[in-house]
Amino acid sequence: MKPVLRTALLCLAATVLLGGAVPGEAARLYRWKDKQGYTQYGDRPPEAGELVDASVDVLRFHNPPSALVRLRLERSGMRYQAWADNLLHGPVEVRLGFKRNSNVIAQPLLPATAVVPARSSVMVASIAMRDPMRGGDFELSLDSLPGDPAADAQDYEYRLPFEYGRVRVDQGPGGSFSHNDTQNLYAIDFAVPEGTPILAAREGLVMQVESDFDKAGLNRERFGGRANFIRIVHGDGSMAVYAHLKPEGVQVREGQYVRKGQRIGLSGNTGFSTAPHLHFVVQVNHGMVLESIPFRMFGPLGLLRFPSQHAESPPVGTAPAGRPGP
């Protein structure tokens, strides 16, 4: 009797923003007629030379959730190789584990972690039957976080992420409204009007973007892990997140290198939010734990100082951009 190895896969490919997975939402499909008169479709608007006239229809639809890190199995003789495919333009750490298993063994033993470089794949484990004369069965899970745990964040002089001028800080480090978790402890919420141009506070590579979410509210379960955002990975491996951007307010693409001070998007009011603002945070991956870290930010007259806040309601403070804040 030939032994049977049955597999079931559960891919938990994490799109980590501020505290949870990001499912699919509204997306765009473009429709136009080419020079031969044929109707064409694409996920980007056509170039001017592709059009027979200036008419381009924009169709909206909803995407299913898309994995940014995918689990892939390859058969190799009597073994299965479990691969993690990183679709991001920056490193991620993954953790592979068994949801259930019967008569199988993994090498290395699970759970196992691995770092997957940008746009590449890593074999995390190899799985085989313990007793080849019996059938085997297993189910896998794959968790992932952006960033390389070996990153060594360096001291850096961040600039304001918008043009200089007086600005109010609606929530500072440690704010109990939404800056009381590990990922956001040192975040700053700048109260800027919707549509304010957002600038890169530091040079780096655009690692991840979300631009199609168009809702906001105080339902934490529904909106707690949602917002339009840009994640930029820096040369030292730290990552800056610019969040709550307006729908279609991302003005850079994944894989693009941006300069300090370069325009990257437009502020908005999306996700878990009470009013238009920019959520700015610097994060590192500390071994499958995404942590925010303190940072120094400068205006034209020197260092800005942001007060720690621990109010029960959304806190309000001020940080004048033209002089050091309180």
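Is R95 buried, partly exposed or exposed? In this predicted model, R95 is partly exposed, because its relative accessible area of 34% falls between the limits of 20% and 50%. The views below begin with a sheet and then turn to salt bridges, R95 among the residues shown.

**View 1. An open sheet of four antiparallel strands.** The strands follow the order β5-β6-β10-β8. Strands β5 (69-76) and β8 (104-107) form the edges; each has a single partner strand, so one side of each is left without a neighbour in the sheet. On average, neighbouring strands are turned by 25° against each other, direction ignored. Strands of a sheet pair through backbone hydrogen bonds, in either a parallel or an antiparallel sense.

**View 2. The pairing of strands β5 and β6.** Strand β6 comprises residues 79-86, and eight bridges join it to β5 in the antiparallel sense. One bridge can be followed residue by residue: R75 has Y80 in β6 as its partner.

**View 3. A salt bridge between strands β5 and β6, formed by R72 and D85.** Side chains of opposite charge can pair when their charged atoms come close. Here the side chains of D85 and R72 meet with an N to O distance of 2.8 Å. D85 belongs to strand β6 and R72 to strand β5, and the two residues are 13 residues apart in the chain. D85 is buried, because its relative accessible area of 14% is under 20%. R72, by contrast, counts as partly exposed at 25% relative accessibility. Together with E74, these two residues are linked in a network of salt bridges.

**View 4. The salt bridge of R95 and D143.** The closest N and O atoms of this pair are 4.0 Å apart. R95 lies in strand β7 (residues 92-102) and D143 in strand β11 (residues 136-146), so the salt bridge ties together parts that are 48 residues apart in sequence. The residue of the opening question, R95, is partly exposed, and D143 is also partly exposed, with a relative accessible area of 27%.

**View 5. The salt bridge of D155 and R296.** The closest N and O atoms of these residues are 2.9 Å apart. D155 is found in the loop between β11 and β12 (157-159), whereas R296 is in strand β25 (residues 296-299). This pair links parts of the chain that are 141 residues apart. D155 counts as exposed, because its relative accessibility of 59% is over 50%. R296 counts as partly exposed at 30%. In the whole structure, a search finds seven salt bridges, including this one.

Note on methods
Residues are numbered from 1 along each chain as its sequence is written. This is a predicted model: local features need pLDDT of at least 70, side-chain atom pairs count only at pLDDT 80 or more; totals for chains, interfaces and linings use all residues. Side-chain values use heavy atoms; hydrogens and water are left out. Two strands pair if DSSP finds at least two bridges between them. Axes are lines fitted to C-alpha atoms, for helices over the stretch in contact, and angles run from 0 to 180 degrees between N-to-C directions. Buried means under 20% relative accessible area, exposed over 50%, partly exposed in between (1.4 Å probe, protein chains only).
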